[in-house]
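Trainee: I would like a close look at a single part of this model, followed outward into the rest of the fold. Please take it slowly and keep each statement tied to what can be seen.

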Amino acid sequence: MTASTFSSVEQIVAAITAVREHPVLLLTDFDGTLCEFKDAPDAVILSPPRRLALSALAARPTWSVGIVSGRRAADVRQRAGLSGSAYYAGLHGMEIDGPDKQFQVPDLGALHDEIQRLGNALADATASFPGALLENKDLSVALHVRAASPRDRQHAERSFWTLARPMIEAGTLRLQRGECVFELLPNIAWDKGDAVRWIEADARHRHGAAAFPIYLGDDRTDEHAFDAVGDRGLTVVVGSRPSRAQYRLPDPAAIERLLTRLATPHAPH
């Protein structure tokens with residue numbers, strides 16, 4: 001089942017209520033799902049109502065909560081500011097900071113120096129195009145063009161491709177496309193779907209039982225997570241783009257309503 005029209009918050013809550021006897025694992029993307037996009041990634045921070053709702057859900061003994069983001073895990077932890085235990089998966093799941101253990105894909109830092117050299121070159125090459133922003137995440141680099149004019153975006157993307165293509169074609173780096181962002185990561189076979197499976201296994205060990213997985217996301221990078229959850233759980237896409245998610249909500253404000261509703265005392269525990 002895939003959602004072609006917007007769902008209601010109550011419809012999604014009812015679907016979760018139907019499995020109240022199981023532990024619940026709620027995982028969500030950050031930018032574009034929990035938070036509205038900003039032209040500058042550094043300007044994004046989780047709003048107090050959303051922080052309170054997620055913290056309340058994380059405090060429930062049979063619930064586990066996590067954020068799976070393209071940001072670094074430490075960065076999303078700081079910007080979310082959740083109280084209590086939670087999972088923070090960064091770099092599209094290649095690093096995971098959990099309540100009891102941490103994980104990082106093997107050889108994640110092996111290309112650090114090469115990525116930094118490329119990042120410096122990309123920053124210089126795109127600096128003259130207003131609205132184009134080169135974000136350096138230490139182990140990856142991302143070109144954001146959300147705030148650029150069509151002309152400056154075209155020029156920035158052309159400069160990006162000229163410098164990045166050799167390492168992509170050599171199989172050293174892989175390109176991760178997002179909403180108005182082009183990210184270069186080590187070419188390691190790991191994505192948000194793999195992160196979901198890792199977190200599910202860890203949560204199963206912590207709770208002593210398999211949890212009902214829920215995943216909220218907006219970007220094409222979240223499709224891997226939707227596929228990992230499949231029909232075993234519940235998936236929600238944010239926005240109107242085509243998706244394999246089961247349910248659809250229009251924007252992060254609707255996600256806030258969903259989280260608040262779930263966090264109320266009479267919602268499923």
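Where is the place of His-92?

Mentor: This is a predicted model, and everything that follows should be read with that in mind. The place of His-92 is in the loop between S3 and S4, and Leu-91 is found in that loop between strand S3 (87–90) and strand S4 (95–97) as well. The backbone deserves attention at both residues, for the phi of Leu-91 is near 50 degrees, a positive value in a residue other than glycine, and the phi of His-92 is near 60 degrees, again positive in a residue other than glycine. As background, most residues other than glycine have a negative phi. Turning to accessibility, Leu-91 has a relative accessible area of 0% and is therefore buried, while His-92, with a relative accessible area of 8%, also falls under the 20% cut-off and so counts as buried.

From this loop one can step to Ser-69, which is found in the loop between strand S2 (63–68) and helix H3 (73–80). Ser-69 is buried because its relative accessible area is 1%, under the 20% limit. Leaving aside its neighbours within four places in sequence, Ser-69 is in contact with Ala-89, Gly-90, Leu-91, His-92 and Gly-93, and also with Asp-29, Phe-30, Asp-31, Val-76 and Lys-192. Ser-69 thus links the discussion of Leu-91 and His-92 to Phe-30, with which Ser-69 is also in contact.

Phe-30 leads on to the largest nonpolar core, which has 38 residues and in which Phe-30, together with Leu-26, Leu-34, Leu-82 and Leu-259, is among those with the most contacts. Helix H8 (residues 252–263) gives the most to this core, with 5 residues. A second, separate core has 27 residues and includes Val-68, Tyr-87, Met-94 and Val-196. Within the largest core, Leu-26 can be followed individually: apart from neighbours within four places in sequence, the contacts of Leu-26 include Leu-54, Leu-57, Trp-63, Val-65, Ile-214, Leu-216 and Leu-259, as well as Ser-64 and Gly-66.

Helix H8 also has a partner in helix H1 (residues 9–17), the axes of the two coming within 10 Å and crossing at roughly 40 degrees. That angle makes H1 oblique to H8, and H1 passes H8 in a right-handed crossing. The contact is made by Val-9, Glu-10, Ile-12, Val-13 and Ile-16 of H1, and by Ala-254, Arg-257, Leu-258, Arg-261 and Leu-262 of H8. By class, this contact of H1 with H8 has 7 nonpolar and 3 charged residues, with no polar ones.

Another helix pair can be set beside it. The axes of helix H4 (residues 112–126) and H5 come within 9 Å and cross at roughly 160 degrees, and H4 and H5 are therefore roughly antiparallel to each other. H4 passes H5 in a right-handed crossing. From H4, Glu-114, Leu-118, Ala-121, Leu-122, Ala-125 and Thr-126 meet Ala-156, Ser-159, Phe-160, Leu-163 and Met-167 in H5, a contact that has 8 nonpolar, 2 polar and 1 charged residues by class.

Finally, helix H5 (residues 150–169) holds another histidine, His-155. At 23% relative accessibility His-155 counts as partly exposed, whereas His-92 is buried. The C-alpha atoms of His-155 and Phe-129 are separated by 7.4 Å, although the two residues are 26 apart along the chain.

Definitions and conventions. Residues numbered from 1 in each chain as written. Predicted model: local features only at pLDDT ≥ 70, side-chain atom pairs only at ≥ 80, totals over all residues. Heavy atoms only, no water. Helix = DSSP H or I, 4+ residues; strand = E, 2+ residues; numbered from the N terminus. Buried < 20%, exposed > 50% of the residue type's maximum accessible area, 1.4 Å probe, protein only. Core = buried A, V, L, I, M, F, W, Y, C linked by side-chain atoms within 4.5 Å. Contact = heavy atoms within 4.5 Å. Axes fitted to C-alpha atoms, helices over the stretch in contact; angles between N-to-C directions. Parallel < 35°, antiparallel > 145°, perpendicular 65-115°, else oblique. Left-handed = near helix turned anticlockwise from the far one by under 90°. Nonpolar A, V, L, I, M, F, W, Y, C, P; charged D, E, K, R; others polar.
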